[in-house]
Amino acid sequence: QVQVVESGGGLVQPGGSLRLSCVASGSFFSIAGMGWYRQVPGKERELVAVINSGGRTNYADSVQGRFTISRDNAKNTVYLQMNSLKPEDTAVYYCNAAVSMGTHYPFTSYWGQGTQVTVSS
């Protein structure tokens, strides 16, 4: 069983910063990509940032230059440093991990429960 758990959400004023963390735990062989997505009511979940096992990153245009994704492979953890936050960044942020159970096993996507980020004065 694989568990993905996010932490670090909360309420912050516009222009402020937050750091989200996500750890994948359980019995598995390896993790490929890890990433952050967000969703607001009535809209589809959208990609925020992803990072592969080698550290290559990709960001949504809306967060480029403000958010930074990083990971600690030894701790199976991914982080999202969010700076210069805007009200439109308000959403539930979900962590995703692509996990494999073995060398010849495919990667399966696991999602966390989500953490609320609210940007408001």
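Student: How many of the six residues in strand β8 (residues 77–82) are buried?
Tutor: Five of the six are buried, and the strand is therefore described as mostly covered. Buried means under 20% relative accessible area, exposed means over 50%, and partly exposed lies in between, with a 1.4 Å probe and protein chains only. A strand is a DSSP run of E with at least two residues, numbered from the N terminus.

Student: What kind of model is this?
Tutor: It is a predicted model, in which local features need pLDDT of at least 70, side-chain atom pairs count only at pLDDT 80 or more, and totals for chains, interfaces and linings use all residues. Residues are numbered from 1 along each chain as its sequence is written, and side-chain values use heavy atoms, leaving out hydrogens and water.

Student: Which strand does β8 join through six bridges in the antiparallel sense, β3 or β7?
Tutor: Both do. Strand β3 (residues 18–26) runs antiparallel to β8 and is joined to it by six bridges. Strand β7 (residues 67–72) also pairs with β8 in the antiparallel sense, over six bridges. Two strands pair if DSSP finds at least two bridges between them.

Student: Which residues stand opposite each other there?
Tutor: On the β3 side, Ser21 stands opposite Tyr79, and Val23 stands opposite Thr77. For Phe67, the bridge partner in β8 is Met82.

Student: What is the strand order of the sheet?
Tutor: The order is β1-β3-β8-β7, an open sheet of four strands with antiparallel pairing. Strands β1 (2–7) and β7 stand at the edges with a single partner strand each, so one side of each has no neighbour in the sheet. From one strand to the next, the twist averages 15 degrees; axes are lines fitted to C-alpha atoms, and angles run from 0 to 180 degrees between N-to-C directions.

Student: How is β7 connected to β8?
Tutor: They form a hairpin with four residues between them. Asn76 lies in that loop and has a positive phi of about 50 degrees, although it is not a glycine. Most residues other than glycine have a negative phi. Asn76 counts as partly exposed, because its relative accessibility is 25%.

Student: Which residue in the loop after that, between β8 and β9, has been located?
Tutor: That is Ser84. Its phi is also positive, at about 50 degrees, and Ser84 is not a glycine. Its relative accessible area of 41% makes Ser84 partly exposed.

Student: Back to Thr77. Is it buried or exposed?
Tutor: Thr77 counts as buried, at 9% relative accessibility. Its side chain reaches the backbone oxygen of Lys75 at 2.8 Å. A polar contact is a pair of N or O atoms within 3.5 Å; within protein, one must be able to donate a hydrogen and the other to accept it, and residues adjacent in sequence count only if both atoms are side-chain atoms.

Student: What is Thr77 in contact with, beyond its neighbours within four places in sequence?
Tutor: Its contacts are Cys22, Val23, Met34, Ser70, Arg71 and Asp72. Contact means heavy atoms within 4.5 Å.

Student: Changing topic: which residues touch the most other members of the largest nonpolar core?
Tutor: Trp36, Leu80, Met82 and Tyr93 do, in a core of 29 residues. Strand β9 (91–100) is among the strands that supply at least two residues each, and β9 gives the most, with five. A nonpolar core is a set of buried Ala, Val, Leu, Ile, Met, Phe, Trp, Tyr and Cys residues joined through side-chain atoms within 4.5 Å. In soluble globular proteins, nonpolar side chains tend to be buried together.

Student: Where does Trp36 sit?
Tutor: Trp36 lies in strand β4 (residues 30–39) and is buried, with a relative accessible area of 0%. Trp36 and Val78 are 42 residues apart in sequence, yet their C-alpha atoms are 8.7 Å apart.

Student: And what does Met82 touch?
Tutor: Not counting residues up to four places away in sequence, Met82 touches Gly16, Ser17, Leu18, Leu20, Arg66, Phe67, Tyr93 and Val117.

Student: How many aromatic pairs are there?
Tutor: There is one. Tyr37 and Trp111 pair edge-to-face, at 5.0 Å centre to centre with 70 degrees between the planes. Tyr37 lies in β4 and Trp111 in β10 (residues 107–111), so the pair ties together parts that are 74 residues apart in sequence. Rings of Phe, Tyr and Trp (its six-membered ring) pair if their centres lie within 6.5 Å; planes under 30 degrees apart count as stacked, over 60 as edge-to-face and the rest as tilted.
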